[in-house]
Amino acid sequence: MTTLVAMTADFFSRYLAQAIGGYAAQNVESGRSAPEEAMAQSELEHRRLLPQGQSTPDHYFFEIRDDDRDSNDRSRNITVGTLWVAVIDKGGVRSAYIYNIEIDPAYRRQGHAKRAFVALESFVETLGLSTIGLHVFAFNRGAQALYESLGYVVTGLNMQKKIRSSDHPQY
Ligand SMILES: CC(C)(COP(=O)(O)OP(=O)(O)OC[C@H]1O[C@@H](n2cnc3c(N)ncnc32)[C@H](O)[C@@H]1OP(=O)(O)O)[C@@H](O)C(=O)NCCC(=O)NCCS
């Protein structure tokens, strides 16, 4: 079974360092950030989102645990990934928003993310919320396939076109 367990403070500090690095890398890959700016931007954004770190109100940090039994019938209870979800308020409408989900590469395609999302729905209901939102980069086809399989629908699209730059533009 896949379960969500609140992160300890130690786990959280390791997690945050990884989340900042991971977000910077994704921003470079998507073309949102220049490589030399990406880390500083990601750190700034995380500081803005989490002024009180793990204790920032309305932010929840979970380890995703697999507590299935191994071949010797012993409980494995291992951490297979992480999940960060928050309650956001847009125009007076409160909903859950997933900032980050990651399954460790060794445990991917075993249904952990899918089951974590099912567990998340129960958690979100206990907060009195009825919607979960998230952002996914266009290059991340695997995550998009996961969300579609869970019934998530696209509510907007960012678009861009790369045009040739010139040192001497003529208009
Ligand atoms: C995206 C991610 C969370 C999926 O985790 P996972 O535990 O491997 O996903 P699941 O095993 O629950 O997948 C469920 C279904 O989603 C789809 N899916 C998941 N990963 C996929 C991939 N890489 N390619 C295509 N489809 C994929 C499949 O339909 C899959 O069912 P199947 O394995 O029976 O075909 C994981 O790949 C990951 O951590 N990626 C790096 C971080 C990331 O991109 N996070 C999302 C940010 S928006």
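Which residues of α2 are exposed? In this predicted model, the answer emerges from a walk along the helix, and the same walk leads on to the strands and the ligand.

Helix α2 covers residues 35-49. Its 15 residues should span 21 Å at 1.5 Å a residue, and because the C-alpha atoms at its ends are 22 Å apart, the model agrees with that expectation. Four of its residues, A38, S42, H46 and L49, are buried. They occupy an arc of only 65° around the axis, which means that they lie on the same side of α2. An α-helix has 3.6 residues a turn, so residues three or four places apart point the same way. The exposed residues E36, L44, R47 and R48 are found on the other side of α2. As for the buried residues of α2, they pack against α1, β2, β3 and β4.

Helix α1, formed by residues 9-30, contains 22 residues. From its first C-alpha to its last it reaches 31 Å, close to the 32 Å expected at 1.5 Å a residue. Buried residues in α1 include the aromatic-lettered positions F11, F12, Y15 and Y23, and A19, I20, A24 and N27 are buried as well. These buried residues of α1 pack against α2, β2, β3 and β4. After α1 comes G31, which has a positive phi near 85°.

The strands against which both helices pack are themselves joined to one another. Strand β2, residues 59-66, runs antiparallel to strand β3, residues 78-90, and eight bridges join the two. Within this pairing, F62 stands opposite L83 in β3. Strand β3 is also joined to strand β4, residues 93-103, by ten bridges, again in an antiparallel arrangement. Here G81 stands opposite I103 in β4. Between β3 and β4 there are two residues, and the two strands form a hairpin. In the turn of that hairpin, G91 has a positive phi of about 60°.

The end of β4 leads to the ligand. I103, already met opposite G81, is among the closest of the 18 residues that surround the ligand, together with I101, R109, G111 and N140. Three polar contacts can be described in detail. A backbone N or O atom of I101 lies 2.8 Å from a nitrogen atom of the ligand. At I103, a polar backbone atom is 2.8 Å from an oxygen atom of the ligand. N140 contributes a polar side-chain atom, which lies 2.7 Å from an oxygen atom of the ligand.

How values were computed: Residues are numbered from 1 along each chain as its sequence is written. This is a predicted model: local features need pLDDT of at least 70, side-chain atom pairs count only at pLDDT 80 or more; totals for chains, interfaces and linings use all residues. Side-chain values use heavy atoms; hydrogens and water are left out. Two strands pair if DSSP finds at least two bridges between them. The expected span of a helix is 1.5 Å times one less than its number of residues. Buried means under 20% relative accessible area, exposed over 50%, partly exposed in between (1.4 Å probe, protein chains only). The arc is that of the directions from the helix axis to the C-beta atoms. Contact means heavy atoms within 4.5 Å. A residue is near a molecule or strand if one of its heavy atoms lies within 4 Å of it. A polar contact is a pair of N or O atoms within 3.5 Å; within protein, one must be able to donate a hydrogen and the other to accept it, and residues adjacent in sequence count only if both atoms are side-chain atoms.
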